[in-house]
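Trainee: I would like to learn how to read a model like this one. Could we go through it feature by feature?

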Amino acid sequence: MSKTPAVSVIDLKKTYRSGLFRRRKVEALQGVSFDVQPGEIFGLLGPNGAGKTTLIKVLLGLVKRSGGQANVLDLPAGDRRGRMRIGYLPENHRIPRHLTGNTALEYYGQLSNMPLSEIRSKRGELLDAVGLGKWGTATVASYSKGMLQRLGLAQAMLHDPELLILDEPTDGVDPVGRAGIRDTLFWLKDRGKTVFLNSHLLQELELVCDRVAILQKGLLRHVGPIQELTQAASPGVTFGLTCDQANLQAALRVLDTAEISWRPIENQLRPTVIVESSDQPTIDQTVDIFRNANVSISAISSKQLTLEEAFLQLVDCDSHEIDAVRRAQPEGVVQTKSEETTAGGNS
Amino acid sequence: MRPYLAVIRDSFREAFATRVLWIMLILIVVLLGLLAPLSFERALAVSLQFSDFKNPQAFIKELRDNRNSSGNPAGYVWSRLSDDFKHEVKSVKPDTDRRRRMSVVGRARNEINRLFNEPDFYDKEVWSDTRLSSEANELLDRGLTSLSKEEARRFNRLAFEAAFPSHVEASGRNAIQFVYLRYPLGDELPIQETQLHQIGEQVLSFLVSRLVGNIGVFIALLVTASIVPQMLDSGAIDLLLSKPVSRPLLFLSKFFGGCTFILLNATFLIAGLWAIVGWRFGIWSEGLLWTIPVFVFVFAIYYSVSTLAAVIWRNAVVSIVVSILFWAICFAVGLAKSSLDNWFLDSRRTANIIPAGDTLIRLTQTGSGYEWDDENQEWRELFEQRRRGGPPTAGRQAAWLGAYYDATNDRLVGIRSGGGSRWFRRSSKLSIASQDNDWKPQESIETPGGVRELLPTRNGDILVAGTDGLYRLEGEATGPADAFKLFGMSLPGLGKTAEFVRIDDESFEWKRPFAAAIDSSTGRVLISSGDTIAILKDVDSEFVVESSSIRKSGQERVVGFAGDRFLTASQDGFVRIFDASSSELVDTQRPFGNNEPRSVITSPDGRWAAVLFHHRKVWLFDGKTSAPIAASLNGQGDISAVAFQADSSFLAADRFGRIIRYSPEESFAIKATMEPQPDFLETLYTRFIDPVHTIFPKPGEMENVVTWLMTKQQTIGPDDTDELSASRQVIDIQEPLWSNLAFLAIMLTVTSVLITRRDF
């Protein structure tokens, strides 16, 4: 029996309307579907204006969906019972400056309906965990950006939620702090918590996420494990060759005949060719072709792309398709970053 | 509730942290610290006040007339006045303007007060024919040289009063001297400590409603304007709404957090004021403490507008601007209504209904007269009263006092009120309008000072009663008008063929509060004077006391005969029914709570009586059964005048000129309605302005609630509160309270809905 997803999004749509008689529309989400399984760390990627923050706000009930379905912890998104079990760290959050670390946790803990005594018994340990153990009595006004982020994380964890939704949790945090937050995320995962992460720092996501979803201009471009994404976007295998020019040309002609895609890399000490496939039979066939043509293979390497490279590659190639879809859409529907901003969408 | 209490608690934490609260508390402490040294000391009444003059012009004339005879007090006082002042008095001519004449009166007061400081003011020979009061004699017996400085001044004052009894009121012994850090502030005031309480409450009412109610609310709005916009800031609101809280309750918690913050400040200020006033003046006013919730309520009304603007625009400055605009709109709506009321429409309301033989006359508040034209179904104007500036109703006496129809001489008799304030009242004159002269009023002689009632008699005699006694007009009322004038003002009794002659035996003590009525069938006169109720009867053309009793309440303000009963009504709303022969109390009613009565009207046959109250409701009484009548009158709450016709039909005037005739014999069934077609202004008022005003919030009118809480006054009227017959503005607490509550509820609901539906 499969487990109920922690987050389930089916054909989710959100359209912001603005202007006189609300005639201007901005489609922030255009039918997004994915699941987040309990206990996994799930990353949400996308360029600015992709609809990431809108998606998070729909999950929390801050923004009402225009269509589709969104369930969180088996409850409709925004349900108060669900919010009781969610910890949220918003991007650029503003904890009132008159609060101290301790009183901020008291305030937000009470908003989560926690008794004051319970908050007081937990807050010291929690502040220690996020590296603010000595700052509990200092006012938030004296906190650095990184400290504020860590305090935000602490308030999100305070009521021991099942699901943590963290929007740019490492924003403004120094490398040491980031490592600390990473450790915290793994600690949460170990305790069976689900973490829904939105971040621009792809290296960070790559280090912690089990699966990621990529949003672009309101459309879901990819969802799956990181490895799948990086492999799918891999540039192929590089062959360093030792041979005379005639044999090489003959071998390359055979590759063309076999419909194996390749491209040379210029300015190398020896002839170098990239075969644009990571698939094993193709690599085996390529090795056979080179050897049959008396071309010696002095080096063979397969490059694993980083998440960032894979993301950029995916976003770049998909943008052309998306633009084509946009052009086919009816008049009046616009989708630009500047218009999204004026429409009030924070996607 | 835990999350919402946390939000309210956070409002306080924020207030303390941002120092705003501290600054406000420090300012309040400074204000209270400045007020704390203000106090009073008991003193002897010495200084002459404007209100002590009965007739200042006549007094000055007497001094001037006796300038050459230093053997009497008038000549003696004249001789001791400064040359400058004497010169100024001599320079005043009949055509001198009023302001100059009043300035002379003011100087006269200062000159006399200066004389009181002179140790040799009293001259035994000059005062040889003057009868000094017992208090003065007591001081004299002790020896003038042995008196303290204050006692000597007091003696001079008593001697002065004794010398000019017809011009100057006798003063009470005690007075109050206000001091600040032991330094006296101005002259001592001839008031008792009980009056000090009353005045103190009025001053506090003014301070609280104006300073705290207006300036305080504005400051409170400035201080709290940022609370909701800050809550709605991106990064703050998403953090709050991600918690398991209800959006409307979150908003309401923030709203009440702001209100609680203001409650704290208001409590500190007003409770501080209460403690200081109690400590320094002995005025422990419970009403002052009740103004705290009123103030917070007024703030909440404006704040609800501010928060709605904050939810729409998320900007503190815009919230403040919108709140100010809202205040301006409320002010404009209130002003439109009160302007139409006071300047145009109330002046059309009926102040007196006078059934005059076979015709019906109505007099308006401003003194215009109209006769009902049955054929054209309209009021025909008989005469118009020129308006003397200022709104004609609120706080002013009616232009006519006690007008009635004299059937014997087929004429309308009334007193044209001189108007003016208590201290500068212009003289009132008898006015006669006969049918032969198409009811055009002819001015007759001035009435004696202090006249309050005109008493209609069967034989056509004109009787007036007031705090100076009971008078009958002797001679022809409408003789040649060649009155002697000083400073352009007529002097009573001079140059007329008629005069008012005192007809009571002078044994009765005439004082305020005063009311009188006559039983036209027996000619007996009912007097309520101070705390005494007496019946006077005519014995050989002199009215003597037949019976008298002392009322403990001492507040009977309007009276009337009804058959073998007489009725009195007191300021606190009680109507008491007495047996006319024994003056024993038979029954007590309080038909409309503590609403103040305005007049008691009785039918010519003495059977029916109607008590008209200031909130324009009428209570009816059947003298035959000695029981109240449960009649359903049209326009209850808007009835401005009532009367009985010769056949005892009952007339009640409402709206702007409607009079309905009822038959008391037939359970007050309607017999006729006299109502002209409303004009544009009346239609505009009744169809638009009044309904809009009714449903519109009235935060400004909450000042009236403060006045009511502080003074327990039901109405606001002339400064002379003894005169209940004058038109008074009723303090309506209910309507502003309910309309403001409804508005507050609507605003909070709309804001809650908006915040629920909004994407953040």
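**Reading helices, contacts and burial**

Mentor: Happily! Let us begin with helix length in this predicted model. At 1.5 Å a residue, the 16 residues of H15(B) should span 22 Å, and the end C-alpha atoms of H15(B) are 22 Å apart, which agrees.

Trainee: Where is the kink in H15(B) centred?

Mentor: The kink is centred on Thr686(B) and amounts to about 35°.

Trainee: What should I look at when two helices pack?

Mentor: Two packed helices are described by the angle between their axes and the distance between the axes. Here, take helix H14 (residues 316-345) and helix H15 (residues 680-695) of chain B: their axes come within 10 Å and cross at roughly 145°. The crossing of H14(B) and H15(B) is left-handed.

Trainee: Which residues in H14(B) and H15(B) meet?

Mentor: From H14(B) come Val333(B), Ala336(B), Lys337(B), Leu340(B), Phe344(B) and Leu345(B). On the H15(B) side you will find Leu681(B), Glu682(B), Tyr685(B), Ile689(B), Asp690(B), Val692(B) and His693(B). Sorted by character, the residues of this contact are 9 nonpolar, 1 polar and 3 charged.

Trainee: Can we try the length check on other helices?

Mentor: Of course. Helix H13 (residues 286-313) of chain B has 28 residues, which at 1.5 Å a residue should span 40 Å; the end C-alpha atoms of H13(B) are 42 Å apart, which agrees. Helix H17 (residues 734-757) of chain B has 24 residues and an expected span of 34 Å, and its end C-alpha atoms are 34 Å apart, so the two agree.

Trainee: Which residues of H17(B) are buried?

Mentor: They are Pro736(B), Asn740(B), Met747(B), Thr751(B), Ser752(B) and Ile755(B). These buried residues pack against helix H12 (247-281), H13 and helix H16 (702-711) of chain B.

Trainee: What phi does Arg314(B) take just after H13(B)?

Mentor: Arg314(B) takes a positive phi of about 55°, and Arg314(B) is a residue other than glycine. Look for Arg314(B) in the loop between H13 and H14 of chain B. Arg314(B) is partly exposed because 17 other C-beta atoms lie within 10 Å, and partly exposed covers counts between the limits of 12 or fewer for exposed and 20 or more for buried.

Trainee: Where is Phe668(B), and is it buried or exposed?

Mentor: Phe668(B) sits in the loop between strand E32 (658-663) and strand E33 (669-674) of chain B. Phe668(B) has 20 other C-beta atoms within 10 Å, so Phe668(B) is buried. Phi of Phe668(B) is near 60°, a positive value in a residue other than glycine.

Trainee: How do I read the surroundings of a residue in a strand?

Mentor: Start with where the residue is, then count its neighbours. Phe561(B) lies in strand E22 (residues 556-562) of chain B. With 25 other C-beta atoms within 10 Å, Phe561(B) is buried. Leaving aside neighbours within four places in sequence, Phe561(B) is in contact with Ala517(B), Asp519(B), Leu526(B), Phe566(B), Ala580(B), Thr602(B) and Gly606(B).

Trainee: How many residues of chain A are in contact with chain B?

Mentor: There are 23 residues of chain A in contact with 21 residues of chain B. Helix H1 (52-60), helix H2 (80-83), strand E6 (86-89) and helix H3 (101-111) of chain A each supply at least two residues of the side that touches chain B. H3(A) gives the largest share, 5 residues. By character, this side of chain A holds 11 nonpolar, 7 polar and 5 charged residues.

Trainee: What does chain A look like as a whole?

Mentor: Chain A has 12 helices and 15 strands. Of its 347 residues, 42% are buried. Among contacts in chain A with a separation of 6 or more, 73% are between residues 24 or more positions apart.

Trainee: Which single residues in chain A can I practise on?

Mentor: Try Thr53(A), in helix H1 of chain A; Thr53(A) counts as buried, with 24 C-beta neighbours inside 10 Å. Then turn to Leu201(A), in the loop between strand E8 (194-198) and helix H7 (202-208) of chain A. Leu201(A) has 16 C-beta neighbours inside 10 Å and so counts as partly exposed. The C-alpha atoms of Leu201(A) and Leu45(A) are separated by 9.2 Å, with their positions 156 residues apart along the chain.

Notes. Residues are numbered from 1 along each chain as its sequence is written. Chains are lettered from A and ligands numbered from 1 in the order in which they are written. This is a predicted model: local features need pLDDT of at least 70, side-chain atom pairs count only at pLDDT 80 or more; totals for chains, interfaces and linings use all residues. Two residues are in contact if their C-beta atoms, placed from the backbone, lie within 7 Å. Helices (H or I, at least four residues) and strands (E, at least two) are DSSP runs, numbered from the N terminus. Ala, Val, Leu, Ile, Met, Phe, Trp, Tyr, Cys and Pro count as nonpolar, Asp, Glu, Lys and Arg as charged, and the others, Gly among them, as polar. Axes are lines fitted to C-alpha atoms, for helices over the stretch in contact, and angles run from 0 to 180 degrees between N-to-C directions. A crossing is left-handed if the near helix is turned anticlockwise from the far one by less than a right angle, and right-handed if clockwise. The expected span of a helix is 1.5 Å times one less than its number of residues. The bend at a residue is the angle between axes fitted to the seven residues ending there and the seven starting there.
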